[in-house]
Amino acid sequence: MKPTLGVCYYPEHWPEDIWPQDGRRMVEAGLTWVRIGEFAWSRLEPAPGHYEFGWLDRAIAVLGKAGLRVVLGTPTATPPRWMIARHPDMLAVDAQGRLRKFGSRRHYCFSHRGYLEDCKRIVTLLAERYGRNPHVAAWQTDNEYGCHDTTLSYSDAARAAFRDWLGQKYQSPDMLNRAWGNVFWSMEYRSFDEIDLPNLTVTEPNPAHVMDFRRFASDQVVAFNRAQVDILRRHTDAPIAHNYMGRVTDFDHFKLGADMEIASWDSYPIGFLSDRLEASAAHKAAFLRQGDPDFQAFHHDLYRAVGRGRWWVMEQQPGPVNWAPYNPAPLPGMVRLWTWEAFAHGAEAVCYFRWRQAPFAQEQMHAGLLRPDSADAPGLSEARETAHDLTNLPYIGSRDGDVALVFDYESAWAWDTQPQGADFDYFRLVFAWYRALRRLGLNVDILPPDTGDLSRWKLVLAPGLFTLSPDLRAAVHSCPGTVLFGPRANSKTGDFAIPDPLPPGLPGLDVRVTRVESLPPGVTMDLEGGGGFVHWLEDMEGTAPVMRRRADGQAALVGNGPVTYLAGWPQDDTLRAILRDLCDTHGIETLDLPDALRKRDTDTLRFWFNHGAHPIVWDGQEIPAAGVVWKARAECYTKSREI
Amino acid sequence: MKPTLGVCYYPEHWPEDIWPQDGRRMVEAGLTWVRIGEFAWSRLEPAPGHYEFGWLDRAIAVLGKAGLRVVLGTPTATPPRWMIARHPDMLAVDAQGRLRKFGSRRHYCFSHRGYLEDCKRIVTLLAERYGRNPHVAAWQTDNEYGCHDTTLSYSDAARAAFRDWLGQKYQSPDMLNRAWGNVFWSMEYRSFDEIDLPNLTVTEPNPAHVMDFRRFASDQVVAFNRAQVDILRRHTDAPIAHNYMGRVTDFDHFKLGADMEIASWDSYPIGFLSDRLEASAAHKAAFLRQGDPDFQAFHHDLYRAVGRGRWWVMEQQPGPVNWAPYNPAPLPGMVRLWTWEAFAHGAEAVCYFRWRQAPFAQEQMHAGLLRPDSADAPGLSEARETAHDLTNLPYIGSRDGDVALVFDYESAWAWDTQPQGADFDYFRLVFAWYRALRRLGLNVDILPPDTGDLSRWKLVLAPGLFTLSPDLRAAVHSCPGTVLFGPRANSKTGDFAIPDPLPPGLPGLDVRVTRVESLPPGVTMDLEGGGGFVHWLEDMEGTAPVMRRRADGQAALVGNGPVTYLAGWPQDDTLRAILRDLCDTHGIETLDLPDALRKRDTDTLRFWFNHGAHPIVWDGQEIPAAGVVWKARAECYTKSREI
Amino acid sequence: MKPTLGVCYYPEHWPEDIWPQDGRRMVEAGLTWVRIGEFAWSRLEPAPGHYEFGWLDRAIAVLGKAGLRVVLGTPTATPPRWMIARHPDMLAVDAQGRLRKFGSRRHYCFSHRGYLEDCKRIVTLLAERYGRNPHVAAWQTDNEYGCHDTTLSYSDAARAAFRDWLGQKYQSPDMLNRAWGNVFWSMEYRSFDEIDLPNLTVTEPNPAHVMDFRRFASDQVVAFNRAQVDILRRHTDAPIAHNYMGRVTDFDHFKLGADMEIASWDSYPIGFLSDRLEASAAHKAAFLRQGDPDFQAFHHDLYRAVGRGRWWVMEQQPGPVNWAPYNPAPLPGMVRLWTWEAFAHGAEAVCYFRWRQAPFAQEQMHAGLLRPDSADAPGLSEARETAHDLTNLPYIGSRDGDVALVFDYESAWAWDTQPQGADFDYFRLVFAWYRALRRLGLNVDILPPDTGDLSRWKLVLAPGLFTLSPDLRAAVHSCPGTVLFGPRANSKTGDFAIPDPLPPGLPGLDVRVTRVESLPPGVTMDLEGGGGFVHWLEDMEGTAPVMRRRADGQAALVGNGPVTYLAGWPQDDTLRAILRDLCDTHGIETLDLPDALRKRDTDTLRFWFNHGAHPIVWDGQEIPAAGVVWKARAECYTKSREI
């Protein structure tokens with residue numbers, strides 16, 4: 001199946017008489033998909049129980065007749081104002097105890113039963129009406145769960161639901177007290193009804209309390225989504241997706257994704273660079289109009305895992321956005337590059353957000369493929385060019401990664417709960433490892449933390465893993481090469497306690513972390529033979545063979561068999577060197593790519609992406625700024641062997 | 001009419017037996033005016049309905065007999081504690097939902113009807129009693145509206161009033177929905193009573209919602225003030241003023257000022273430098289004890305416009321203040337310089353704040369003309385010297401500016417609502433343009449956004465204007481030279497939407513902004529021929545002639561006729577070069593003044609102000625540090641022609 | 001009496017069957033004391049009125065029989081969850097108006113009468129049961145009053161109590177109005193019931209209002225503690241202590257300490273360096289694993305004063321902690337160094353916190369003497385080494401300081417209330433003076449602000465003193481050398497007003513501060529002859545002889561007799577030079593110690609402490625990194641004379 005292009009469209013924003021022309025222009029541009037409906041509740045049900053489906057019927061018909069396939073969104077991210085009157089307590093409450101009011105979007109608490117019922121009602125109506133509509137070829141639930149920090153709510157509804165969740169999990173308050181260690185500071189509870197949400201405590205709450213709250217909150221999102229999926233399933237055979245947002249880790253995407261056929265995400269490379277990336281000012285300046293060269297790829301690989309192979313970009317930035325601290329425009333070529341990078345990582349479809357820039361309301365400064373005056377915006381020509389590329393392209397296919405990297409949402413919550421050093425962040429840690437692999441020119445597969453079979457990768461990485469799942473523990477020996485665990489891996493029990501024996505407790509590796517240190521910025525612990533650790537250090541004891549040492553004599557990297565442990569946060573260069581050595585050991589070919597150049601192999605093709613603002617000559621070929629080139633892989637391999 | 005000096009005085013703070021001596025010392029120092037009464041409500045009405053006017057009668061008599069003219073303030077900025085008991089809901093609420101409690105000042109919400117009635121009651125009593133008092137020669141309403149972020153309140157009273165205001169404006173919820181674009185994100189309302197204030201939304205509220213709230217809040221201030229003015233008018237012929245605070249843009253001073261004869265403002269140059277100016281640390285260090293060389297002048301010119309020619313400095317910093325992050329003392333000479341600069345810009349009067357430093361309460365560290373022990377403070381001798389200058393000085397007069405600059409409060413609200421780049425700020429933008437003009441040695445007139453006649457200026461500047469008013473649009477062709485519009489000018493409709501055709505939509509200039517970019521600090525877009533844009537860029541299309549281009553080929557400055565458009569935020573040097581070119585074109589003579597030197601021409605005199613800490617030799621004359629010199633203009637022109 | 005070692009232990013955290021072994025290992029390590037019980041309320045009274053003392057009986061017996069002496073803590077810092085149900089309004093409220101909820105510790109408002117009664121009840125039960133227990137050799141009240149900003153509460157209980165406190169102090173609202181200067185801004189009250197807590201005012205509240213609130217809050221802590229002490233006294237003869245926390249100045253430790261035999265504090269050098277010290281990044285990097293070389297010593301000397309000679313370190317950091325922004329591990333040797341530094345300053349005992357690292361709850365990342373797996377942690381060997389040192393050491397004794405330094409909690413509150421410059425901080429000021437004295441190699445005594453006899457010191461320093469107490473004023477002439485007052489000293493009346501005549505109003509020194517300036521970072525006022533002032537400057541007039549002048553000619557240091565005044569905040573080098581001159585004048589021998597080396601003399605010994613990460617050669621001897629060496633003082637004196 002060849003990948004396809006699409007676009008997000010809001011028929012309710014425009015006069016009905018321009019819908020046909022819009023549809024025609026979409027098709028002419030080479031687009032296949034049109035996503036609609038996900039914010040339209042106030043138009044579908046303008047007053048409680050008063051429905052207006054006619055316009056949507058007509059919109060789907062017009063778009064379908066134009067030749068487009070519709071992705072229909074459930075509108076539950078934007079309950080109308082009357083819904084708040086019906087359920088005044090459905091609004092979320094922030095960690096400071098403030099009501100999060102109506103007037104934008106995502107103004108609901110996942111735990112509110114009344115709102116959930118209304119969501120099920122509207123989804124049922126939509127599913128019944130459009131489940132068998134021939135133009136509706138896919139569904140999207142809600143929109144960007146977790147965006148605007150909406151996973152965690154400190155409302156009365158959340159408190160009640162949390163108590164229920166704890167009751168289900170622990171059965172008795174004593175069990176909970178023991179699991180959390182509530183003897184500490186006399187925090188013991190005699191009833192689940194005594195337990196509050198872990199905000200506004202005098203000093204830090206018990207990390208076990210916070211961790212369970214994070215798990216609960218994630219479960220609430222999963223349950224909320226599942227209620228919609230269950231309804232849709234009864235009425236449609238079309239695949240169901242949700243559009244995740246970049247670097248949102250507040251709920252477990254693997255658990256949510258397990259309920260749906262397709263994972264999708266919303267890719268805003270330039271916004272993310274400005275808003276969601278720890279990087280030097282120099283790095284941000286160098287990639288100002290291109291976005292980070294690894295941030296999107298990481299999410300592509302992540303959502304390929306979440307979708308068990310089937311994934312989309314549901315929203316692709318086509319020009320400047322409105323929501324980042326600074327909003328420059330993409331360098332010419334980047335819209336095409338981003339699209340092709342998604343395809344090279346296996347995306348089935350890439351949909352641009354949005355068709356026409358809205359001249360009104362919150363996102364009026366967000367570019368579309370059309371300008372607000374309906375003229376072509378720069379992004380449209382790049383979409384068209386990409387569509388043209390596709391018509392000429394052979395089968396792309398996909399292939400396993402050269403290496404695999406474990407990503408675990410629980411770990412993100414755990415280290416957010418207990419960073420121990422002010423700048424310790426799980427995503428940042430894993431992303432640094434991912435970037436190192438990309439600089440080595442490798443295809444990376446991302447794995448969930450309960451992966452049970454590692455036989456497809458000669459190198460598997462797992463930095464910062466909160467707890468080692470039984471499945472992954474069992475799978476370690478299925479890896480034909482090395483599993484490299486990184487700092488803090490398996491350092492806690494599921495109850496957020498330090499295990500005994502001391503961590504990391506890895507199979508076949510006799511080593512115990514006896515002490516950890518967090519370091520302020522600017523402080524480095526040198527390693528013997530060059531390089532160093534920053535942010536985080538661990539002292540170890542045990543008989544495992546020491547492969548690298550710190551300048552103070554402590555072990556830094558231990559194990560030379562199937563299981564290896566890196567006891568610190570390496571500088572970028574150091575990490576790359578360590579990983580290259582491991583690749584060499586296992587015969588995995590690596591490159592030494594420049595900062596802006598990235599490579600991706602598919603079944604049939606080798607892609608090169610120049611994320612830089614200047615041309616790069618590589619392997620005898622000039623890759624233009626913001627350029628993407630590909631060759632049949634056979635040819636590359638020949639060439640690369642010659643190098 | 002020669003300008004005069006005055007001072008702010010609080011008879012209620014001091015034993016009655018020193019009033020006569022204080023009055024005598026004021027007159028001996030050359031002061032004409034004494035402002036009193038504006039915080040004395042608890043002394044005028046110590047208990048509800050229990051009045052004590054005797055002390056104020058005597059204070060006015062004593063000061064009047066000493067030869068002083070009294071400015072009498074209404075005490076509505078400081079309602080007594082019993083007022084809060086009477087109207088518990090009169091307190092404002094901040095954007096975080098917290099009550100803003102009694103215990104300092106400005107503790108009221110402009111929308112509270114009950115408090116407004118009490119204000120009208122006390123103002124009526126004062127007006128009746130002192131409206132014809134021969135010593136009371138001017139009135140001040142309230143004190144520093146908007147200071148301490150008090151324009152915006154999120155109280156119940158404000159919510160109710162906002163709904164009324166919206167009802168008046170839109171008549172029907174559907175009209176409002178369409179104007180705001182509430183179809184976006186299902187934000188549609190079915191009744192005005194569903195509309196909340198735009199705070200604490202999950203993510204950003206609709207900018208049209210915020211913009212109307214900002215207009216409403218400004219209107220509430222105007223109405224609150226008008227209620228007082230209407231009462232005073234019935235009882236007095238003396239002019240009425242309000243004392244605005246520096247860089248307060250939360251309400252429309254032009255609209256408020258239209259109701260009064262005189263505009264006045266409170267000038268604290270050193271406090272403003274520390275607290276309210278974006279500038280490099282080096283700039284702040286260089287002007288540490290002098291204040292910024294343009295900040296005061298900008299406000300002088302602004303309030304000359306607000307007062308339609310009649311304006312005062314109601315409070316002039318005479319020494320260190322207490323409220324800025326850091327509070328150094330003025331360099332010797334600066335108090336006189338500041339005073340003369342106000343006069344050179346046309347001030348009728350400059351009043352120092354305050355007579356004697358209070359040894360108690362919040363402002364005990366705020367210098368006065370007297371020390372707390374009643375000895376002369378350093379400021380007093382400079383006031384005396386200025387008074388002496390005045391006795392020797394001929395007619396000063398005033399004259400039109402060489403150029404004009406439009407200032408628009410709505411634009412400040414608009415870009416505060418939707419900066420698009422984190423550091424975009426309208427005041428900052430306009431002030432950069434003002435500074436450039438001052439460095440070129442020009443007299444500047446500031447114009448309100450509805451100016452209807454530009455025939456007096458060969459160069460008119462309008463950067464960042466939210467919408468082009470019909471009046472100003474019609475007036476463009478009255479300008480005998482060039483009207484230069486700047487970035488974001490006319491970029492929105494009054495409903496806060498992107499217009500179609502695209503902005504700037506300027507008369508006679510075929511150009512459309514097709515895309516904008518905001519840039520982080522440190523990033524520059526070079527211009528061909530030197531210079532560059534920072535912060536903000538716009539791409540354009542159209543047939544207007546291109547006068548300057550960006551290094552990437554895009555147009556930067558278009559139009560060579562009466563209307564010109566600058567499509568970015570220029571670096572300071574770049575802006576000065578562009579403006580100098582325009583001045584040259586129109587025969588407006590410019591200078592190239594050093595950083596610390598400023599010039600101001602009046603009808604008869606040319607003033608030079610050295611804001612620096614070191615002497616400057618200019619035009620053959622040494623101007624001492626913190627010094628002001630003047631010459632008859634005839635002489636200057638002769639000389640300047642020789643240069 | 002030789003100093004002793006101890007440890008903090010939580011028998012309730014561990015299975016009862018390992019208590020005997022734990023006790024044995026403590027004794028074997030050379031420990032004498034074991035502190036227990038201070039967070040165990042939920043285990044002593046698991047349900048209201050249901051008591052479980054058995055386990056504590058057994059724990060005391062086991063530990064006592066092992067040879068340990070028990071410090072028994074009252075558990076009032078951690079009321080159980082059921083207590084909140086009993087007194088829902090006992091929780092404190094923060095300055096933003098948010099309830100500070102259950103779920104960690106210190107969750108109570110000092111003003112709540114109901115909670116106080118429950119505290120008295122549990123303390124009575126403990127005192128009755130263990131007051132005569134032969135193993136209980138000391139008591140601790142509560143835990144770390146003021147930690148986590150818990151001194152100030154804005155609850156209803158606090159408001160009611162504050163009104164009572166004001167009523168007691170002022171007797172009539174008019175008295176209060178006059179004292180506070182409430183005529184300013186019409187802030188006058190007609191009844192004590194009109195007075196609110198000074199939070200959430202529109203702009204800053206009256207500093208006199210805040211200052212009285214700070215005094216009230218401190219008094220509440222003192223009264224809360226006294227209620228416990230009074231009960232304990234009736235049942236035990238053992239000494240009573242409280243464990244203060246580093247750099248907590250929100251209540252008056254002198255007043256609290258006056259009720260108890262022993263002062264103690266909790267010393268976390270590496271945590272404090274990261275969390276509670278204004279210092280350059282270079283300084284923090286240099287002392288990353290050692291802590292600041294003066295911070296602990298300052299507190300040692302402070303608590304020696306608070307305890308009137310008797311003081312302990314109740315909690316000593318033994319490894320990495322969990323609560324600072326960054327948590328590195330101590331350099332080998334530092335645990336011993338810290339312990340010896342405490343002894344050299346006169347500590348009776350040093351107890352390590354804690355015995356075994358808890359694997360669960362909030363402090364699971366806080367090191368103990370044992371690891372969570374019960375193996376020895378690195379700190380244990382240093383504790384053991386110190387115990388061994390002690391067995392070989394002769395009498396240490398103590399001696400008066402070479403100089404004295406006044407420390408005043410009211411001044412900390414005052415300048416927190418009215419900093420006048422954003423970075424003015426009283427502790428920071430006094431600590432800079434303390435550090436200068438230490439760099440000069442001097443023993444320092446810290447004095448309370450009401451010290452009545454200065455005859456033991458030839459040099460007494462008092463920077464930043466809010467008001468000069470009658471006792472200290474009277475004592476000035478008892479000093480045989482010089483009393484040096486520093487900036488802002490005696491600059492306010494007790495009512496927080498500027499006195500007349502102007503400050504500093506020092507006996508025998510004709511000088512008045514006529515104006516003060518605060519300066520932003522990076523701005524310096526040079527002094528004639530080198531050096532400079534930063535942060536703060538004062539202009540003076542008067543006839544006192546001028547010893548140092550500023551480069552602008554103003555006096556900087558005045559007085560050459562028994563009373564001297566320094567009118568600014570000197571740079572560190574400048575301060576050291578000024579103090580060295582004064583020492584020379586009075587024959588006090590000074591050294592010029594390197595940044596990391598410190599000296600302390602006791603009756604019999606001279607100690608050298610190398611806080612650096614590199615060896616230092618001093619006086620012909622190499623002192624290793626993180627090393628402490630001592631000699632008999634007689635020998636040193638001989639040697640030092642030879643230098």
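Copies of a chain are superposed by least squares on the C-alpha atoms of residues with pLDDT of at least 70 in both. The structure described here is a predicted model.

**Relation of the chains**

Two copies of a chain are related by a rotation about an axis and a shift along it. A turn of 120 degrees, with a shift of 0.0 Å along the axis, lays chain B on chain C with an RMSD of 0.1 Å. That is the relation of a three-fold axis.

**The two interfaces of chain B**

Chain B touches chain C through one set of residues and chain A through another list, set out below.

| Interface | Residues in contact | Buried area | Salt bridges | Polar contacts |
|---|---|---|---|---|
| Chain B and chain C | 53 residues from chain B, 47 residues from chain C | about 4400 Å² | four | 27 residue pairs |
| Chain B and chain A | 47 residues from chain B, 53 residues from chain A | about 4400 Å² | four | 27 residue pairs |

**The side of chain B that touches chain C**

Of the area buried between chain B and chain C, 56% lies on carbon and sulfur atoms. On the side of chain B, the residues B:K101, B:Y326 and B:Q362 supply 17% of the area buried against chain C, more than any other three residues.

One contact across this interface is the salt bridge between B:R43 and C:E188, in which the closest N and O atoms are 2.6 Å apart. The elements of chain B that give two or more residues to this side are α2 (41-44) and α4 (81-86). Of the elements, α2(B) gives the most, with three residues. Sorted by class, the side of chain B that touches chain C has 27 nonpolar, 13 polar and 13 charged residues.

**The side of chain B that touches chain A**

Between chain B and chain A, carbon and sulfur atoms give 56% of the buried area. The residues of chain B that lose the most area to chain A are B:F184, B:W185 and B:V202, which together make up 18% of what that side buries.

Here a salt bridge joins the side chains of A:K101 and B:D196, at 3.1 Å from N to O. The elements of chain B that give two or more residues to the side touching chain A are the strands β13 (512-518) and β15 (532-541). The largest share, five residues, comes from β13(B). By class, this side of chain B has 23 nonpolar, 12 polar and 12 charged residues.

**A domain and a strand in chain A**

For chain A, an unreviewed UniProt entry lists residues 8-392 as "domain: Glycoside hydrolase family 42 N-terminal". That span is 41% helix and 10% strand, and its end C-alpha atoms lie 25 Å apart.

The residue A:T4 is placed in strand β1 (residues 4-8) of chain A. Which residues does A:T4 contact, leaving aside its neighbours within four places in sequence? They are A:T32, A:W33, A:F343, A:E348, A:A349 and A:V350. With A:W33, the side chain of A:T4 makes a polar contact, side chain to side chain, at 3.0 Å. A:T4 and A:C351 are 347 residues apart in sequence, while their C-alpha atoms are 8.4 Å apart in space.

Terms used:
Residues are numbered from 1 along each chain as its sequence is written. Chains are lettered from A and ligands numbered from 1 in the order in which they are written. This is a predicted model: local features need pLDDT of at least 70, side-chain atom pairs count only at pLDDT 80 or more; totals for chains, interfaces and linings use all residues. Side-chain values use heavy atoms; hydrogens and water are left out. Contact means heavy atoms within 4.5 Å. Buried area is the accessible area (1.4 Å probe) that two parts lose on being put together, summed over both. A polar contact is a pair of N or O atoms within 3.5 Å; within protein, one must be able to donate a hydrogen and the other to accept it, and residues adjacent in sequence count only if both atoms are side-chain atoms. Helices (H or I, at least four residues) and strands (E, at least two) are DSSP runs, numbered from the N terminus. Ala, Val, Leu, Ile, Met, Phe, Trp, Tyr, Cys and Pro count as nonpolar, Asp, Glu, Lys and Arg as charged, and the others, Gly among them, as polar. UniProt positions are given in the numbering used here, feature names are shortened, and annotations may be inferred rather than shown by experiment.
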